[in-house]
Amino acid sequence: MDRDERLICDSASLVEGAKGVRFALAAHPGEERGFAVRYLGKVRAFVNRCPHAWTELDWQPGEFFEESGLYLVCSTHGAIFVPDTGFCVAGPCRGASLEPLQVREHGGHVFLVNEKP
Ligand code: FES
């Protein structure tokens, strides 16, 4: 583990198009404000805050994908996001984006990188 990394989860916890992992951010200790999912083989992570009304996206803890497993969906008003960029392609905040978080995967683990306090 590098000095700029913080462990989020095991790689095996993130399956393509399946449930994501929620994790705390240094700026919000004790609250799971970040999330990670696997999409096209890579881990993608974002702040768990919809750019429409600033609610968390998941309708059940860790449920970020819509039925097809191809897009992330906000449970509050149904905004649809592209998982690799967090760009909103449909819904009330179309054209806005989720705030990305930098992650790295190695040695069977997923790490948050260069976290801002
Ligand atoms: S809060 Fe996400 S679409 Fe409205």
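**Note on side-chain pairing, strand order and cores**

1. At 31% relative accessibility, Arg6 counts as partly exposed. The structure under review is a predicted model, and the points below should be read in that light. Arg6 takes part in a salt bridge with Glu115, the two side chains meeting at 2.9 Å from N to O. The partners come from distant parts of the chain, 109 residues apart: Arg6 belongs to strand β1, while Glu115 sits in the segment after β10 (109-113). Glu115 is likewise partly exposed, because its relative accessibility of 25% falls between the limits of 20% for buried and 50% for exposed.

2. How many salt bridges does the count come to? The total is nine. One of them joins Arg22 to Glu32, with 3.1 Å between the closest N and O atoms. Here the separation in sequence is ten residues, Arg22 being in strand β2 and Glu32 in the loop between β2 and β3. Glu32 has a relative accessibility of 39% and counts as partly exposed.

3. A further salt bridge is formed by Arg38 and Glu105, whose closest N and O atoms are 2.7 Å apart. Arg38 lies in strand β3 and Glu105 in strand β9 (residues 103-106), so this pair ties together parts that are 67 residues apart in sequence. The two partners fall into separate accessibility classes: Arg38, at 11%, counts as buried, whereas Glu105, at 34%, counts as partly exposed. Elsewhere, salt bridges with shared partners connect Arg22, Glu32, Glu56 and Asp58 into one network. Arg22 and Glu32 of point 2 are thus members of that network.

4. Ser11 deserves a look alongside the Arg38–Glu105 pair. Its position is in the loop between β1 (5-10) and β2 (21-23). Is Ser11 buried or exposed? At 15% relative accessibility Ser11 counts as buried, because the limit for that class is 20%. The Ser11 side chain reaches the backbone nitrogen of His109 at 3.3 Å. Leaving aside residues up to four places away in sequence, Ser11 touches Arg38, Glu105, Gly108, His109 and Val110. Both partners of the salt bridge in point 3 are therefore among the contacts of Ser11 under the 4.5 Å cut-off.

5. Over the whole structure, the search for aromatic pairs returns two. In the pair of Phe35 and Phe46, the ring centres are 5.8 Å apart and the planes make an angle of 40 degrees, a tilted arrangement. Phe35 is in strand β3 (residues 34-39) and Phe46 in strand β4 (residues 42-47), so parts eleven residues apart in sequence are tied together by this pair. Phe35 and Phe46 are both buried.

6. Phe35 also pairs with Phe64, with 3.9 Å between centres and 10 degrees between planes. Why is this second pair classed as stacked? The planes are 10 degrees apart, and an angle under 30 degrees counts as stacked, so the pair takes that label. Because Phe35 is in strand β3 and Phe64 in the loop between β4 and β5 (72-73), the pair ties together parts that are 29 residues apart in sequence. The relative accessible area is 0% for Phe35 and 0% for Phe64, and each is buried. Ring pairs thereby link Phe35, Phe46 and Phe64 into a cluster.

7. Three strands make up an open sheet, in the order β5-β6-β7 and with antiparallel pairing. Its edge strands, β5 and β7 (88-90), each pair on one side only. Strand β6 (residues 80-81) is joined to β7 by two bridges, and these strands run antiparallel. Within this pairing, Phe81 has Cys88 of β7 as its bridge partner.

8. The largest nonpolar core has 15 residues, of which Phe35, Leu57, Leu72, Phe81 and Leu98 touch the most other members. Strand β3 contributes most to this core, supplying three residues. Apart from it lies another core of 14 residues, including Leu14, Val43, Ala45 and Val47. Phe81 of the largest core, leaving aside residues up to four places away in sequence, has contacts that include Leu57, Leu72 and Leu98, together with Cys50, Cys74, Cys88 and Cys93. Phe35 thus appears both in the aromatic cluster and in the largest core, and Phe81 both in the sheet pairing and in that core.

Note on methods
Residues are numbered from 1 along each chain as its sequence is written. This is a predicted model: local features need pLDDT of at least 70, side-chain atom pairs count only at pLDDT 80 or more; totals for chains, interfaces and linings use all residues. Side-chain values use heavy atoms; hydrogens and water are left out. Rings of Phe, Tyr and Trp (its six-membered ring) pair if their centres lie within 6.5 Å; planes under 30 degrees apart count as stacked, over 60 as edge-to-face and the rest as tilted. Helices (H or I, at least four residues) and strands (E, at least two) are DSSP runs, numbered from the N terminus. Buried means under 20% relative accessible area, exposed over 50%, partly exposed in between (1.4 Å probe, protein chains only). Two strands pair if DSSP finds at least two bridges between them. A polar contact is a pair of N or O atoms within 3.5 Å; within protein, one must be able to donate a hydrogen and the other to accept it, and residues adjacent in sequence count only if both atoms are side-chain atoms. A salt bridge is a side-chain nitrogen of Lys or Arg within 4 Å of a carboxyl oxygen of Asp or Glu. A nonpolar core is a set of buried Ala, Val, Leu, Ile, Met, Phe, Trp, Tyr and Cys residues joined through side-chain atoms within 4.5 Å.
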